[in-house]
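Work through the exercises below with the model open. Try each task before reading its solution.

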Amino acid sequence: MPRPPSQRLVLLSGWGIDQRIWQPLESCWPRSVEAHAVDWPGYGDTPALPDNATLGQLASTMAEQLPIDAIWVGWSLGGLLATALLDYLPAPRGLILIGTGERFYSDDGVTWSELTSFRRAFAREPHATWRHFLRWQAQGEPNARQAHRQLRALLGDTPSANHSTLAQGLDWLATLDNSQRLHTAPCPVTRLVGEHDPLVSTSARDKAATLANAGHCPMLSQPVQLAESLAAQAALTVKEQA
């Protein structure tokens, strides 16, 4: 009989991007891994949260999608939200953060001024700003143009989330600070950062393992390396808890 997977991963996406971002990894997972990508509320076919939703409301909605017997893998805003939900949901077996620090903005990554300007632009032209963000995220990849084409091919020309959901996500990017949560995390936490990720601060990079030849979207430029790294970190977490 085939050996059942020993590592169960729940994959969580970032701002403006749904679970399709994980598709390049589907053929890369080792047999020991069971990986399942889920959407945040308001993305894809999932119902949106009410306007100005709280983290508590988000936690209630995501409770069944984030089981305790899995390792949560959060990318970008997905990592910030997964970390924040540790205050509201039973702890998972582990938490792996990709391209995520204690907070989104920093002095040497995305600055507060840049984030503020981005939010103003989104308020004026949301779809154009979303498309700009796709190009921005791809900048650190070995072939930024190809990575951007991959994003467009996966996601299309418009976001799968409505304006309210995207605006709420920008609010969380501007307000979430997980410094204390990560300091007192109730489960093992691992951080991975692309070598050339333009959105991550030096302090966040110093606390993370490096994904070589990758930017903010390693699932596009380095899917095999990313899948292997996630599987290795998951195996280590499971072994330490055995």
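The exercises cover the sheet and then the cavities.

The model is predicted: local features need pLDDT of at least 70, side-chain atom pairs count only at pLDDT 80 or more, and totals for chains, interfaces and linings use all residues. Residues are numbered from 1 along each chain as its sequence is written, and side-chain values use heavy atoms, with hydrogens and water left out.

**Exercise 1.** Give the strand order of the open sheet and explain which strands stand at the edges.

*Solution.*
- Strands are DSSP runs (E, at least two residues), numbered from the N terminus. Two strands pair if DSSP finds at least two bridges between them.
- The six strands run β2-β1-β3-β4-β5-β6, with parallel pairing.
- β2 (33-38) and β6 (209-211) each have a single partner strand, so one side of each lacks a neighbour in the sheet.
- Three bridges join β5 (residues 189-194) to β6. Leu-192 has Ala-209 in β6 as its bridge partner.

**Exercise 2.** How many cavities of 30 Å³ or more are there, and what lines the largest cavity?

*Solution.*
- A cavity is a set of points on a 1 Å grid over the protein atoms alone where a 1.4 Å probe fits but cannot get out; lining residues have an atom within 4 Å of a point. Points are joined across faces, edges and corners, and a volume is the space filled by probe spheres set on them.
- The count is two.
- The largest cavity has about 160 Å³.
- Of its 18 lining residues, Pro-41, Leu-49, Thr-165, Gln-168 and Trp-172 are the closest to the centre.
- α6 gives the largest share of this lining, five residues. (Helices are DSSP runs of H or I, at least four residues.)
- The second largest cavity holds about 80 Å³.

Methods: On a 1 Å grid over the protein atoms alone, a cavity is a set of points where a 1.4 Å probe fits but cannot get out, and a pocket is an open set with protein on both sides within 12 Å along at least five of seven lines; lining residues have an atom within 4 Å of a point.
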